[in-house]
Amino acid sequence: MDPTRDAFDENEAIIVCGLDIEAELIRRHLGLSKLGRKKLGQIAIARRSMILVFLSVTWLNGIEVDEEREAEISDMVSAFLLGLQSQY
């Protein structure tokens with residue numbers, strides 16, 4: 001194995017496939033069908049990042065992550081993504 005390769009290099013095809021699936025869901029269900037693959041991928045990455053940040057802050061504050069908290073995070077991220085429709 002090449003020592004200069006990292007985890008992304010090793011798993012690039014799987015990562016890109018996952019982003020494409022997520023981008024397709026965003027395109028179909030959030031009314032963003034006119035956006036290109038690159039922009040949809042950027043939105044998918046931003047969505048993942050927001051979820052991780054909210055979960056991390058929850059954990060850092062010592063709050064239990066239960067179904068209720070997951071639903072709150074999901075609602076916040078969904079509200080942000082739905083707001084994108086008006087920008088495109």
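Helices here are DSSP runs of at least four residues, numbered from the N terminus. By that reckoning, Glu12 belongs to helix α1 of this predicted model. With a relative accessible area of 39%, Glu12 falls between the cut-offs of 20% and 50% and is therefore partly exposed. Ile14 is another residue of helix α1. Its relative accessible area is 62%, over the 50% cut-off, so Ile14 counts as exposed.

A word on confidence helps before going further. The pLDDT of the protein averages 83, and 92% of the residues reach at least 70. Among the elements of the protein, α2 has the highest mean pLDDT, at 87, while helix α3, spanning residues 67-84, has the lowest, at 82.

How do the axes of α1 and α2 cross? Helix α1 covers residues 7-29, and its axis comes within 8 Å of that of α2, with a crossing angle of roughly 95 degrees. The angle lies in the range from 65 to 115 degrees, which means that α1 is roughly perpendicular to α2. On the α1 side, the residues that meet α2 are Val16, Gly18, Leu19, Asp20, Glu22, Ala23, Ile26 and Arg27. Their counterparts in α2 are Arg37, Leu40, Gly41, Ile43, Ala44, Ile45, Arg47 and Arg48. Sorted by class, this contact of α1 with α2 is made up of 8 nonpolar, 6 charged and 2 polar residues.

Further along α2, which runs over residues 37-60, sits Thr58. Is Thr58 buried or exposed? Its relative accessibility is 1%, under the 20% cut-off, so Thr58 counts as buried. The side chain of Thr58 reaches the backbone oxygen of Phe54 at a distance of 2.8 Å. Setting aside neighbours within four places in sequence, Thr58 is also in contact with Ile63, Glu64, Val65, Arg69 and Ile73.

One of these partners, Arg69, leads on to helix α3, where it is found. Arg69 has a relative accessible area of 16%, and because this is under 20%, the residue is buried. Which residues does Arg69 touch? Not counting residues up to four places away in sequence, Arg69 touches Phe54, Thr58, Glu64 and Met76. Thr58 and Arg69 are thus a pair worth viewing together in the structure: Thr58 in α2 and Arg69 in α3.

Two distances round off the picture, each starting from a residue of α1. Between the C-alpha atoms of Glu12 and Asp75, the distance is 30 Å, with 63 residues separating the two in sequence. For Ile14 and Ile73, which are 59 residues apart along the chain, the C-alpha atoms are separated by 26 Å. Ile73 has already appeared above, as a contact of Thr58.

Methods. Residues are numbered from 1 along each chain as its sequence is written. This is a predicted model: local features need pLDDT of at least 70, side-chain atom pairs count only at pLDDT 80 or more; totals for chains, interfaces and linings use all residues. Side-chain values use heavy atoms; hydrogens and water are left out. Helices (H or I, at least four residues) and strands (E, at least two) are DSSP runs, numbered from the N terminus. Buried means under 20% relative accessible area, exposed over 50%, partly exposed in between (1.4 Å probe, protein chains only). A polar contact is a pair of N or O atoms within 3.5 Å; within protein, one must be able to donate a hydrogen and the other to accept it, and residues adjacent in sequence count only if both atoms are side-chain atoms. Contact means heavy atoms within 4.5 Å. Axes are lines fitted to C-alpha atoms, for helices over the stretch in contact, and angles run from 0 to 180 degrees between N-to-C directions. Angles under 35 degrees count as roughly parallel, over 145 as roughly antiparallel, 65 to 115 as roughly perpendicular and the rest as oblique. Ala, Val, Leu, Ile, Met, Phe, Trp, Tyr, Cys and Pro count as nonpolar, Asp, Glu, Lys and Arg as charged, and the others, Gly among them, as polar. pLDDT is the predictor's confidence in each residue, from 0 to 100.
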